Amino acid sequence: MRSSIGQVFLYTVLGVFSGIPLAFVSSMLQLWFAQADIALKTIGILSMVTMPYSFKFLWVPLVENYYLGSCSYRFWMLIFGLLTGAVMCIMSTLNPVTHAVSIVALAIALSFCSASFDSMLDGYRLKYVNPSHLGKNSSAVATGYRLGMLITAGGGTIAADYLGFSPVYAFFGMVFISGVIFLYAFLERVDGFRKIEPESKAKSTIQVMIQSLSALKDINSLGLVLIILATYRFCDTLLGSLTSYFLYDVLGYSLLTIGSTAKIIGPMATLFGGVIGGFWIDRAGIKKTMFSIGLLQAISNLSFIYLFYSRKSVEELILVVGIESFFGGLANSALVVFLSNIALQCKTHRATCYALLASTFSFSRAYSGLLASYLVENFGWVIFISVTALVVIVPLSALYAYESKMARRKADLVQEERTAAIN
């Protein structure tokens with residue numbers, strides 16, 4: 001695709017489809033179970049249905065090595081997209097009161113299909129990305145992702161207040177199916193979305209994993225990178241794992257209020273933060289922005305303590321959710337750009353490398369609900385919210401160590417080049 005604006009628009013649309021399913025296995029699922037009077041501990045466990053996002057590196061190499069040569073990323077985006085929509089439609093036929101286990105099982109299947117769709121998108125993006133456009137295109141995907149969550153978490157919650165959750169799941173399932181079919185036909189006409197030959201076809205599943213894991217050897221200071229990826233957004237995911245329950249069951253806001261404020265104003269603020277984050281990163285560089293954004297993200301979490309003791313008005317809800325979501329959007333853009341830059345260090349199997357690296361923060365998200373429900377039940381909401389802010393110390397410390405190490409390595413390389421030139 002020749003137009004930079006056209007690429008940004010296309011990546012934004014793809015990001016929208018990438019972001020739609022997540023709300024149906026996170027916030028929407030929380031509210032559906034909370035409305036059915038399911039216990040807090042059980043709702044906390046629901047975050048584990050997102051585990052396929054953490055383990056997608058186990059099957060992405062198989063697709064990337066064995067099947068892309070004849071089918072292309074576009075084809076697999078269609079297959080996993082159709083499956084995603086179909087699972088949502090099946091979930092709509094069940095009731096959490098009588099079919100809780102079945103819904104959880106289908107939610108795990110939905111996470112699997114959605115995570116696979118994301119990986120195929122990431123594979124294309126890293127296969128054909130122009131390094132000079134990496135920041136803009138990565139931010140476009142992140143922005144579209146949040147826009148997709150805005151459409152589902154916001155509009156879906158409002159619709160659920162009038163129609164119930166089952167019709168909403170069915171409607172968005174059909175929309176998703178129709179949308180991916182249209183995208184499949186459209187992308188065939190876009191330059192770059194062509195048949196991709198396998199990079200190095202392996203002879204066995206074990207060799208596939210070995211080849212994929214070995215590609216990570218190109219990444220500098222991999223241990224620090226993994227710590228950063230796993231914990232940079234943990235303060236946000238830890239708080240977000242129970243936010244819907246907190247607003248609905250603890251503070252007493254209605255589904256309509258949550259849908260029209262927390263699930264619309266919040267994602268809009270996140271969307272705006274993502275756009276600002278993209279421009280900020282392009283102007284100042286990822287190294288200079290990640291530390292400041294991470295700190296602001298953590299501080300914004302503390303605004304929920306104010307909401308806990310406030311009059312619990314709609315205006316206060318909009319203010320608190322808007323502040324937290326805006327800084328969350330900044331952090332999300334920073335993390336996506338950082339992750340994309342790291343994945344580009346891998347010379348081969350970039351889709352798998354991206355999946356492997358992305359699984360680190362997906363893994364922490366999957367278990368955030370368990371930790372969050374434990375903290376709330378044993379220490380209360382104020383201590384829990386405070387802890388979500390304090391955990392930022394870990395990624396910021398790792399980020400400082402990483403940048404210091406990279407600076408020393410760069411200085412050593414410069415010195416070696418000077419010495420070689422003198423000799």
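The exercises below, each with a worked solution, concern a predicted model of one protein chain.

**Exercise 1. The chain as a whole**

State how many helices and strands the chain has, and what share of its residues count as buried.

Solution.
- Step 1. Begin with the secondary structure: the chain has 20 helices and zero strands.
- Step 2. Turn to burial: 56% of the 423 residues count as buried.
- Step 3. Add the surface: about 17600 Å² is accessible, and 67% of this area belongs to carbon and sulfur atoms.
- Step 4. Look at contacts between residues at least 6 apart in sequence: 86% of them join residues at least 24 apart.

**Exercise 2. Helix α2**

Work out whether helix α2 is largely enclosed by the rest of the structure or not.

Solution.
- Step 1. Locate the helix: α2 covers residues 27–35.
- Step 2. Apply the cut-off: a residue is buried if its relative accessible area is under 20%.
- Step 3. List the residues of α2 that pass: S27, M28, L29, Q30, L31, W32, F33 and A34.
- Step 4. Conclude: eight of the nine residues are buried, so α2 is largely enclosed by the rest of the structure.
- Step 5. Note what comes after the helix: α2 is followed by D37, which has a positive phi, near 65°.

**Exercise 3. α2 against α12**

Describe how α2 and helix α12 are arranged, and which residues meet.

Solution.
- Step 1. Recall what is needed: two packed helices are described by the angle between their axes and the distance between the axes.
- Step 2. Take both values: the axes of α2 and α12 (residues 243–250) come within 8 Å and cross at roughly 30°.
- Step 3. Classify the angle: angles under 35 degrees count as roughly parallel, which makes α2 roughly parallel to α12.
- Step 4. Give the hand: the crossing of α2 with α12 is right-handed.
- Step 5. Name the residues: on α2 they are S27, Q30, L31, A34 and Q35, and they meet T243, S244, Y245 and Y248 on α12.
- Step 6. Sort them by class: this contact of α2 with α12 has four nonpolar, five polar and no charged residues.

**Exercise 4. Two partners of α20**

Decide whether α10 and α15 are each roughly parallel or roughly antiparallel to α20.

Solution.
- Step 1. Take α10 (residues 222–231): its axis comes within 9 Å of that of α20 (residues 393–422), and the two cross at roughly 150°.
- Step 2. Classify the angle: over 145 degrees counts as roughly antiparallel, and therefore α10 and α20 are roughly antiparallel to each other. The crossing is left-handed.
- Step 3. Name the residues: L224, V225, I227, I228 and T231 of α10 meet V394, P395, A398, L399, A401, Y402 and K405 of α20. By class, the contact of α10 with α20 has 10 nonpolar, one polar and one charged residues.
- Step 4. Take α15 (residues 286–301): the axes of α15 and α20 come within 10 Å and cross at roughly 165°. That makes α15 roughly antiparallel to α20, and their crossing is left-handed.
- Step 5. Name the residues of this second contact: α15 supplies K287, M290, F291, G294 and L295, while α20 supplies L396, L399 and E403. The classes in the contact of α15 with α20 are five nonpolar, one polar and two charged residues.
- Step 6. Compare the lists: L399 of α20 appears in the contact with α10 and in the contact with α15.

**Exercise 5. Single residues**

Find out whether I393, A86, V63 and K312 are buried, partly exposed or exposed.

Solution.
- Step 1. I393, in helix α20, is exposed, with a relative accessible area of 52%. I393 and L295 are 98 residues apart in sequence, with 8.6 Å between their C-alpha atoms.
- Step 2. A86, in helix α5 (residues 60–91), counts as partly exposed at 29% relative accessibility. From A86 to I177 the separation is 91 residues in sequence and 7.4 Å from C-alpha to C-alpha.
- Step 3. V63 is also found in helix α5, and V63 is buried, with a relative accessible area of 9%. The C-alpha atoms of V63 and Y73 are 9.2 Å apart, with their positions 10 residues apart along the chain.
- Step 4. K312 lies in the loop between α16 (303–309) and α17 (314–343) and counts as partly exposed at 30% relative accessibility. K312 is not a glycine, yet its phi is positive, about 60°.

Terms used
Residues are numbered from 1 along each chain as its sequence is written. This is a predicted model: local features need pLDDT of at least 70, side-chain atom pairs count only at pLDDT 80 or more; totals for chains, interfaces and linings use all residues. Side-chain values use heavy atoms; hydrogens and water are left out. Axes are lines fitted to C-alpha atoms, for helices over the stretch in contact, and angles run from 0 to 180 degrees between N-to-C directions. Helices (H or I, at least four residues) and strands (E, at least two) are DSSP runs, numbered from the N terminus. Angles under 35 degrees count as roughly parallel, over 145 as roughly antiparallel, 65 to 115 as roughly perpendicular and the rest as oblique. A crossing is left-handed if the near helix is turned anticlockwise from the far one by less than a right angle, and right-handed if clockwise. Contact means heavy atoms within 4.5 Å. Ala, Val, Leu, Ile, Met, Phe, Trp, Tyr, Cys and Pro count as nonpolar, Asp, Glu, Lys and Arg as charged, and the others, Gly among them, as polar. Buried means under 20% relative accessible area, exposed over 50%, partly exposed in between (1.4 Å probe, protein chains only). Accessible areas come from the Shrake-Rupley method with a 1.4 Å probe; for residues, only the protein chains shown count as cover.
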